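Reader: I would like to go through this chain step by step. Please show me the sequence and the structure before we begin.

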Amino acid sequence: MIPGSRVCTAMRTQLRPLLRTRAARIVGILPMIFAAALFFPTSAHASERWATLEAIHQLENPQDSSEPGTNGELGAYQFREDTWKMHSSAPFRRALDRRTSDAVAVKHYEWIKTELERRGVAPTPYRIALAWNGGIGAVFLDNPPAAAVDYAARAANLAAFFEKNALADAR
């Protein structure tokens, strides 16, 4: 075809409505794709989240004891009641149910991650654990509490171990 010829012009004319229709469809599904990326994280993110939460569980309550912590914390992740209420309307005693506790842990993890990203900080397992133990503000302190730093370092090391083993098992 010769550019500018009648055949080329006719094809362009026929293609325009088709392209407009497809472009409209693509634009229409972009919000769904974006939402899926937010609500269904990639497997890399999911494995890091799983490893970090398992590390926190191992540091907090590896035996899944039903006894409250020294400050009234409950469950596999030793939630305090105010943290629990941030993410769940279920009664606090449900923190003892592992499935419910896991669901709230994922919500809390994602809240910490989002808050760190909003403030321009990469949500590494170390920083997630530091915020989990010392509060979100601990991440931004020049000298966070030594106990929270120790906790975060142990959690990050455990998370790296769990993630490495999970990847090795997947092979």
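**Two residues in a helical chain**

Author: Ser101 is one residue of helix α4, which covers residues 98-118. This is a predicted model, in which local features need pLDDT of at least 70 and side-chain atom pairs pLDDT 80 or more, while totals for chains, interfaces and linings use all residues. Residues are numbered from 1 along each chain as its sequence is written, and side-chain values use heavy atoms, without hydrogens and water.

Reader: How many helices and how many strands does the chain have?

Author: Helices (H or I, at least four residues) and strands (E, at least two) are DSSP runs, numbered from the N terminus. From that end the elements run α-α-α-α-α-α. The count is six helices and zero strands.

Reader: Is Ser101 buried or exposed?

Author: Buried means under 20% relative accessible area, exposed over 50%, and partly exposed in between, with a 1.4 Å probe and protein chains only. The relative accessible area of Ser101 is 0%, so this residue is buried.

Reader: Where is Ile136, and is it buried or exposed?

Author: Ile136 sits in the loop between α5 (125-134) and α6 (146-170). Its relative accessibility is 15%, and therefore Ile136 counts as buried.

Reader: Which residues does Ile136 contact, leaving aside neighbours within four places in sequence?

Author: Contact means heavy atoms within 4.5 Å. One partner is Glu115, 21 residues away along the chain, with 8.0 Å between the C-alpha atoms. The full list is Trp111, Ile112, Glu115, Leu116, Arg119 and Ala131.
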